[in-house]
Amino acid sequence: MLTSLSQCRYLASETKPERVVEAVSEVAFVGRSNVGKSSLINALCGRDIAYVSGNPGRTRCINIFDAGQGRFLVDLPGYGFAKGPLDEILRWGPMIEGYLASRASLQMVVMVVDAKVGPTPLDSQMALWLNSQEIDFCVTASKIDKVKPSQSLAQKKAVAKFFQISAEEMFWVNSKNKDGIAALRAAILKALG
Ligand SMILES: Nc1nc2c(ncn2[C@@H]2O[C@H](COP(=O)(O)OP(=O)(O)OP(=O)(O)O)[C@@H](O)[C@H]2O)c(=O)[nH]1
Ligand SMILES: [Mg+2]
């Protein structure tokens, strides 16, 4: 049983899903490019292990982080960065979907959406695809510091409604000041076992 992510360290980067080493359990992060997936991993672990960039498309490989006891956190490239959404899906699709569909040890996917922008059609497509593969996912709204406090509750409800979940089931986080990070970390540790 893993009790902390503070020992998490970079393990490897792969472009071929079949080359990712076996894990006891793992949790992967998906979402639009630049939504803050890598920043979220750093906030969860309390250390800068994943590359963060202001330019979309920074993460280009399947990046594996070893949290100890064979438990992995997996940072994936974002989607929706190229002009044509379909082009983008086609470019990263085989790598991301190949990885997600092939990992028996995958316990949960963290679907990250921008709290202010809200979910996009590509997020909807990804959610449908995860459901079709029977892969459990939790929804995390990132960059909540960009949402005006007066709009926070309505926006939270709108994002939850999009995914047909209750607002309480969703994680609402700020990777910069760590708001909401502890709750998501607890859910990830539970999933990792
Ligand atoms: N204001 C604010 N900015 C954030 C937050 N989290 C991430 N960012 C910024 O958002 C930008 C993108 O962050 P990344 O973590 O690289 O995003 P990503 O989803 O990994 O992007 P790709 O690797 O391109 O898919 C960076 O400039 C971060 O500093 C947050 O909670 N609040
Ligand atoms: Mg990234």
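Reasoning from the predicted model

There are five helices and seven strands in the protein, and the model is a predicted one.

Q: What is the order of these elements from the N terminus on?
A: The elements run β-β-α-β-β-α-β-α-β-α-β-α.

Q: What makes the radius of gyration of the protein agree with that of a compact globule?
A: A compact globule of 193 residues would have a radius of gyration near 16 Å, and the protein has 15 Å, so the two agree. Along the principal axes, the C-alpha atoms fill a box of roughly 45 × 40 × 30 Å. Buried residues account for 38% of the 193 residues. Of the contacts between residues at least 6 apart in sequence, 72% join residues at least 24 apart.

Q: Why is helix 1 described as largely enclosed by the rest of the structure?
A: Eight of its nine residues are buried, and helix 1 is therefore largely enclosed. The buried residues are K37, S38, S39, L40, I41, A43, L44 and C45. They pack against strand 2, strand 3, strand 4, strand 5, strand 6 and helix 5. Just after helix 1, G46 has a positive phi of about 70 degrees.

Q: What does helix 1 give to the shell around ligand 1?
A: Helix 1 gives three residues, the most to that shell. Of the 23 residues around ligand 1, those that come nearest are G36, S38, S39, T59 and G78. By class, the shell has four nonpolar, 13 polar and six charged residues.

Q: Why does I49 count as buried?
A: The cut-off for a buried residue is 20 or more other C-beta atoms within 10 Å. I49 has 20 C-beta neighbours inside 10 Å and therefore counts as buried. I49 is located in the loop between helix 1 (37–45) and strand 3 (62–68). Leaving aside neighbours within four places in sequence, I49 is in contact with C8, R9, Y10, I41, N42 and F65. The C-alpha atoms of I49 and L130, which are 81 residues apart along the chain, are separated by 26 Å.

Q: How do you know that the span of helix 5 agrees with the expected one?
A: At 1.5 Å a residue, the twelve residues of helix 5 (residues 181–192) should span 16 Å; the end C-alpha atoms are 16 Å apart, so the span agrees.

Q: Which residues of helix 5 are buried, and what puts them on the same side of the helix?
A: R185, I188 and L192 are the buried residues of helix 5. They cover an arc of only 65 degrees around the axis, and therefore lie on the same side of helix 5. The face turned away from the buried side of helix 5 carries the exposed residues A186 and K190. The cover over the buried residues of helix 5 includes strand 2 (25–31), helix 1, strand 3, strand 4 (71–75) and strand 5 (106–114). Just after helix 5, G193 takes a positive phi of about 80 degrees.

Q: Why is V159 called buried?
A: V159 has 23 other C-beta atoms within 10 Å. Since a residue is buried at 20 or more, V159 is buried. V159 belongs to helix 4 (residues 149–162). Not counting residues up to four places away in sequence, V159 touches V113, G118, P119, V139, A141 and M170. V159 and K116 are 43 residues apart along the chain, and their C-alpha atoms are separated by 9.5 Å.

Q: What is the sign of phi in Q69, and why is Q69 called partly exposed?
A: Phi of Q69 is near 55 degrees, a positive value in a residue other than glycine. Q69 lies in the loop between strand 3 and strand 4. With 14 other C-beta atoms within 10 Å, Q69 falls between the exposed limit of 12 or fewer and the buried limit of 20 or more, and is therefore partly exposed.

Q: Why is E134 called exposed?
A: A residue is exposed if 12 or fewer other C-beta atoms lie within 10 Å. E134 has 6 other C-beta atoms within 10 Å and is therefore exposed. E134 is found in the loop between helix 3 (121–132) and strand 6. Phi of E134 is near 55 degrees, a positive value in a residue other than glycine.

How values were computed
Residues are numbered from 1 along each chain as its sequence is written. Chains are lettered from A and ligands numbered from 1 in the order in which they are written. This is a predicted model: local features need pLDDT of at least 70, side-chain atom pairs count only at pLDDT 80 or more; totals for chains, interfaces and linings use all residues. Helices (H or I, at least four residues) and strands (E, at least two) are DSSP runs, numbered from the N terminus. The radius of gyration is taken over C-alpha atoms; the globule rule is 2.2 Å times the number of residues to the power 0.38. Two residues are in contact if their C-beta atoms, placed from the backbone, lie within 7 Å. A residue is near a molecule or strand if its C-beta atom, placed from the backbone, lies within 6 Å of it. Ala, Val, Leu, Ile, Met, Phe, Trp, Tyr, Cys and Pro count as nonpolar, Asp, Glu, Lys and Arg as charged, and the others, Gly among them, as polar. The expected span of a helix is 1.5 Å times one less than its number of residues. The arc is that of the directions from the helix axis to the C-beta atoms.
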